[in-house]
Amino acid sequence: LTLWPPTTAAMHRKLLMEQDVTFDFPTVLGEPEVRALVETERYVVLRFTAPWCIICKRTDPAMDGLSKALGFIAFRDVNVEFPESERLAEDLLVDILPTFVLLRGQAGAE
């Protein structure tokens, strides 16, 4: 597979930073909100992130595309700068950002 015109990772980074595109996904703070989501949704994807995390921002377009293509999955951000979110991250053994956690919900479970 050959891309034309030829592109490099540096070119992609530059384009991404120039676009300054951000997507806002609903944010959850802690375990009670996650429990409520698991009770009402079929699947939940949690993205553990922080406002200063550049790599996290680079996953925004992919998250946006997936959330549109997979409407049966609830996508949520968990900002680890909040104390409640920090505890949730510790409970789920999150040690690097971004981290994605897929949870199977109870809605539609048979």
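Q: In what order do the elements of the protein run from the N terminus on?
A: This is a predicted model. Its elements follow the order α-β-α-β-α-α-β-α-β, made up of five helices and four strands.

Q: What share of the residues in the protein is buried?
A: Of the 110 residues, 34% are buried. As for contacts, take those between residues at least 6 apart in sequence: 81% of them join residues at least 24 apart.

Q: How are the strands ordered in the sheet, and what is the pairing?
A: Strands of a sheet pair through backbone hydrogen bonds, and the sense is either parallel or antiparallel. Here the sheet is open and has four strands in the order β1-β3-β2-β4, with mixed pairing. β1 and β4 are the edge strands, each pairing on one side only.

Q: How many bridges does β2 make with β3, and how many join β2 to β4?
A: β2 (43–49) pairs with β3 in the parallel sense over seven bridges. With β4 the strand β2 runs antiparallel, and six bridges join the two. Individual partners can be picked out on the model. Y43 has I73 as its bridge partner in β3 and stands opposite R104 in β4. R47 has D77 as its bridge partner in β3.

Q: Is β2 mostly covered or mostly uncovered?
A: Mostly covered: six of the seven residues of β2 are buried. Y43, by contrast, is partly exposed, at a relative accessible area of 25%.

Q: Which residues of helix α2 are buried, and which are exposed?
A: The general idea comes from helix geometry. An α-helix has 3.6 residues a turn, so residues three or four places apart point the same way. In α2, residues 31–40, the buried residues are V34, L37 and V38. They line one face of the helix, because their directions fall within an arc of 100° when seen down the axis. P32, R35, E39 and T40, on the other side of α2, are exposed.

Q: What covers the buried residues of α2?
A: The cover includes the strands β1 (27–28), β2, β3 (73–79) and β4 (99–104), along with helix α5 (83–91). Helix α5 itself lies across β1, β2 and β3, and runs at about 115° to β3.

Q: What does V34 touch, leaving out residues up to four places away in sequence?
A: V34 is in helix α2 and is buried, with a relative accessible area of 8%. Outside that sequence window, V34 touches V28, L46, L88 and L103. V34 and V78 are 44 residues apart in sequence, yet their C-alpha atoms are 9.8 Å apart in space.

Q: How many residues does the largest nonpolar core have, and which have the most contacts inside it?
A: In soluble globular proteins, nonpolar side chains tend to be buried together. The largest nonpolar core in this model has 19 residues, and V34, L46, F48, L97 and L103 have the most contacts inside it. The elements giving two or more residues to this core are α2, β2, β3, α5 and β4. A second core, separate from that one, has five residues, among them F25, V45, M63 and I73.

Q: Which residues form the aromatic pair, and what is its geometry?
A: The structure holds one aromatic pair. Its members are Y43 and F72, with 6.2 Å centre to centre and 75° between the planes, which makes the pair edge-to-face. Y43 lies in β2 and F72 in the loop between α4 (60–69) and β3, so the pair ties together parts that are 29 residues apart in sequence. Like Y43 at 25%, F72 counts as partly exposed, at 37% relative accessibility.

Q: Where does T59 lie, and is T59 buried or exposed?
A: T59 lies in the loop between α3 (54–58) and α4. The cut-off is needed here: buried means under 20% relative accessible area. T59 counts as buried because its relative accessibility is 17%. Leaving aside neighbours within four places in sequence, T59 is in contact with R47, P98 and F100. Of these, R47 was met above as the bridge partner of D77.

Methods. Residues numbered from 1 in each chain as written. Predicted model: local features only at pLDDT ≥ 70, side-chain atom pairs only at ≥ 80, totals over all residues. Heavy atoms only, no water. Buried < 20%, exposed > 50% of the residue type's maximum accessible area, 1.4 Å probe, protein only. Arc of directions from axis to C-beta. Contact = heavy atoms within 4.5 Å. Pairing = 2+ DSSP bridges. Axes fitted to C-alpha atoms, helices over the stretch in contact; angles between N-to-C directions. Core = buried A, V, L, I, M, F, W, Y, C linked by side-chain atoms within 4.5 Å. Phe/Tyr/Trp six-rings, centres within 6.5 Å; stacked < 30°, edge-to-face > 60°.
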